[in-house]
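Here are my notes on this one, point by point. Have the model open while you read, and start with the charged pairs.

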Amino acid sequence: MIFCIHGPHPLLEEEKIGRLTVTGLTELPEPVMQPLSVTSFQEEEEAPPLMENEVHQVRDPEEDLLCIAKTFTYLRESGWYWGSLTAGEAKQHLQKMPEGTFLVRDSTHPSYLFTLSVKTNRGPTNVRIEYADSKFRLDSNCLSKPRILAFPDVVSLIQHYVTSCTADGKNDTPYPSPASLLPSHKDMVPSTATMAAVHLKLIQPFVRKNSAPSLQHLCRLTINKLTAEVDQLPLPKRIGDYLRQYPFQL
């Protein structure tokens, strides 16, 4: 970039001129430059500082895959996972069952994996099970959501609330009970469509007839109810591995 500075002798267009010296001799022609028109150049503005971007945690899809696969394995072992059961079919199964009887089935809503169907004092109802950040929790209204606990798998979630509901009439754990949960809208049974909130009481799982637990599984449940320190038991490795495959009481 060339800047023109005003002075007593502006630059002239290139031409041959003779300059007389004090001795009268003519100097050699000297090329000179024509004045450049003054153009207004807009100075390049300094780029504004980059805003600090929010750091978003990048999740590993494999982690979600392993978490969901583990949950499916536990549910199939439980005997009370009914797979692709509809809300109407769940109502038929639970209608004549005592209050607190429950089962887990596939959700009919595309944004959810599972639904908890349970017999309440108002009849069978359904509550979706949310999945986010490798954790499962019961779907609820906005006010109750911050108080709802999250668990690494569905069986742990169900076992927590079963334990809470059967703790001699009071909750011995510091966790909230699944009260004031809204039934799932799409999975909702018509008879419960007008309920504003449902107090869930989970007592007994409803086992599928074709998924009757084996004697080994019943023994495993009994051992799990008696102790959580399976590794401390003097058992053969094969039996210990079998117990660890399903570390629950339901």
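1. The count comes to four salt bridges, taking a salt bridge as a side-chain nitrogen of Lys or Arg within 4 Å of a carboxyl oxygen of Asp or Glu. One of them pairs Arg-220 with Glu-77, side chain to side chain, at 3.0 Å from N to O. Arg-220 sits in helix H4 and Glu-77 in helix H1 (residues 61-78), so this pair ties together parts that are 143 residues apart in sequence. Helices here are DSSP runs of H or I with at least four residues, strands are runs of E with at least two, and both are numbered from the N terminus.

2. Before going further: this is a predicted model, where local features need pLDDT of at least 70, side-chain atom pairs count only at pLDDT 80 or more, and totals for chains, interfaces and linings use all residues. Residues are numbered from 1 along each chain as its sequence is written, and side-chain values use heavy atoms, with hydrogens and water left out.

3. Is Arg-220 buried or exposed? Arg-220 has 1% relative accessibility and therefore counts as buried, the cut-offs being under 20% relative accessible area for buried, over 50% for exposed and partly exposed in between (1.4 Å probe, protein chains only). Its partner Glu-77 is partly exposed, with a relative accessible area of 36%.

4. Stay in H4 for His-217, since the helix covers residues 215-226. His-217 is buried, at 4% relative accessible area. Which residues does His-217 touch, leaving aside neighbours within four places in sequence? They are Glu-77, Ser-78, Tyr-242, Tyr-246 and Leu-250, with contact meaning heavy atoms within 4.5 Å. Glu-77 thus turns up in the list for His-217 as well as in the salt bridge with Arg-220.

5. Now look at helix H5 (237-244). Asp-241 forms a salt bridge with Lys-237, the closest N and O atoms being 2.9 Å apart; these two H5 residues are four apart, about one turn of the helix. Asp-241 also meets Arg-244 in a salt bridge, at 2.7 Å from N to O, and that pair is three residues apart within H5, again about one turn. Salt bridges that share partners join Asp-231, Lys-237, Asp-241 and Arg-244 into one network.

6. How accessible are the members of that network? Lys-237 counts as exposed at 64% relative accessibility, and Asp-231 is exposed too, with a relative accessible area of 57%. Asp-241, at 27%, counts as partly exposed, as does Arg-244 at 39%.

7. Asp-231 comes into the network from the loop between H4 and H5. Its side chain makes a polar contact with the side chain of Arg-244 at 2.5 Å. (A polar contact is a pair of N or O atoms within 3.5 Å; within protein, one must be able to donate a hydrogen and the other to accept it, and residues adjacent in sequence count only if both atoms are side-chain atoms.) Asp-231 and Asp-241 are 10 residues apart in sequence and 9.4 Å apart in space, C-alpha to C-alpha.

8. Helix H3 (residues 154-165) deserves a look as well. Why call it largely enclosed by the rest of the structure? Because 10 of its 12 residues are buried, among them Val-154, Leu-157, Gln-159, His-160 and Tyr-161. The cover over these buried residues includes H1 and strands E1 (101-106), E2 (114-120), E3 (123-132) and E4 (135-138). At the start of H3, a side-chain oxygen of Asp-153 comes to within 3.2 Å of the backbone nitrogen of Val-155.

9. On the whole chain: the protein has five helices and five strands, running α-α-β-β-β-β-α-β-α-α from the N terminus on. Buried residues make up 35% of the 250. Of the contacts between residues at least 6 apart in sequence, 50% join residues at least 24 apart.

10. Finally, confidence. The mean pLDDT is 75, and 62% of the residues reach 70 or more; pLDDT is the predictor's confidence in each residue, from 0 to 100. Over residues 9-47 the pLDDT is below 50, and this stretch has 26 contacts in the model beyond near neighbours in sequence. Residues 171-177 also stay under 50, with 14 contacts beyond four places in sequence. Where pLDDT is low, the predicted coordinates should not be read in detail.

Technical notes:
The expected span of a helix is 1.5 Å times one less than its number of residues.
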